[in-house]
Amino acid sequence: LAAEVTIDDSTADATNQVAAGANVVFVSDQTGYVFYVDSTADVVYRKTTDGGATWGDPVVIDGTTPAVSWTAVGIWYDQWTPGGTGSKIHIGASEPTNDDTWYHYLDTADDS
């Protein structure tokens, strides 16, 4: 077994539900993404290019103004669908105060 690696011990929001479903995807043996709600209630992701040994800085996907307090995030990768060949990670998030639901995607071909 490989050694455990902490992805983020300072910005994950302990009071919010980090995932409503899947929140980690590896698109190759070395490249992976993790999605979560950080301590400021933004939806963020981090990327690894070395199989999870190290992770990049958090990238805010939604820093809505005025601030929305996202509490859950879940993802679906195109290639998890049988026969799927796409490169997009579909991202859904929820915010219970205003009953908001949000959708976005990240294209892993160029991280756009």
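Is F35 buried or exposed? Select F35 in this predicted model: at 0% relative accessibility, the residue counts as buried.

Next, extend the selection to the largest nonpolar core, which has 16 residues. F35 is among those with the most contacts inside this core, together with V25, Y33, V43, I89 and I91. At least two core residues come from each of β2 (32–37), β3 (43–48), β5 (72–77), β6 (88–95) and β7 (100–107). Centre the view on V25, whose contacts beyond four places in sequence include Y33, F35, I75, W80 and I89.

Now turn to the aromatic rings, which form six aromatic pairs. Select F26 and W55, an edge-to-face pair with 6.2 Å centre to centre and 80° between the planes. Because F26 lies in strand β1 and W55 in the loop between β3 and β4, this pair ties together parts 29 residues apart in sequence. F26 is partly exposed, with a relative accessible area of 35%, whereas W55 is buried at 15%.

Return to F35 and add Y45; this pair is tilted, at 5.7 Å centre to centre and 35° between the planes. The pair links strand β2 to strand β3. Y45 counts as buried at 7% relative accessibility. Adding Y33 to the selection completes one aromatic cluster.

Proceed to D57, located in the loop between β3 and β4 (59–62). D57 is exposed, with a relative accessible area of 66%, and touches Y45 and R46.

Finally, select K88 and Y105: the charged end of K88 sits over the ring of Y105, 4.8 Å from its centre.

Conventions
Residues numbered from 1 in each chain as written. Predicted model: local features only at pLDDT ≥ 70, side-chain atom pairs only at ≥ 80, totals over all residues. Heavy atoms only, no water. Core = buried A, V, L, I, M, F, W, Y, C linked by side-chain atoms within 4.5 Å. Buried < 20%, exposed > 50% of the residue type's maximum accessible area, 1.4 Å probe, protein only. Helix = DSSP H or I, 4+ residues; strand = E, 2+ residues; numbered from the N terminus. Contact = heavy atoms within 4.5 Å. Phe/Tyr/Trp six-rings, centres within 6.5 Å; stacked < 30°, edge-to-face > 60°. Lys NZ or Arg CZ within 6 Å of the ring centre and 35° of its normal.
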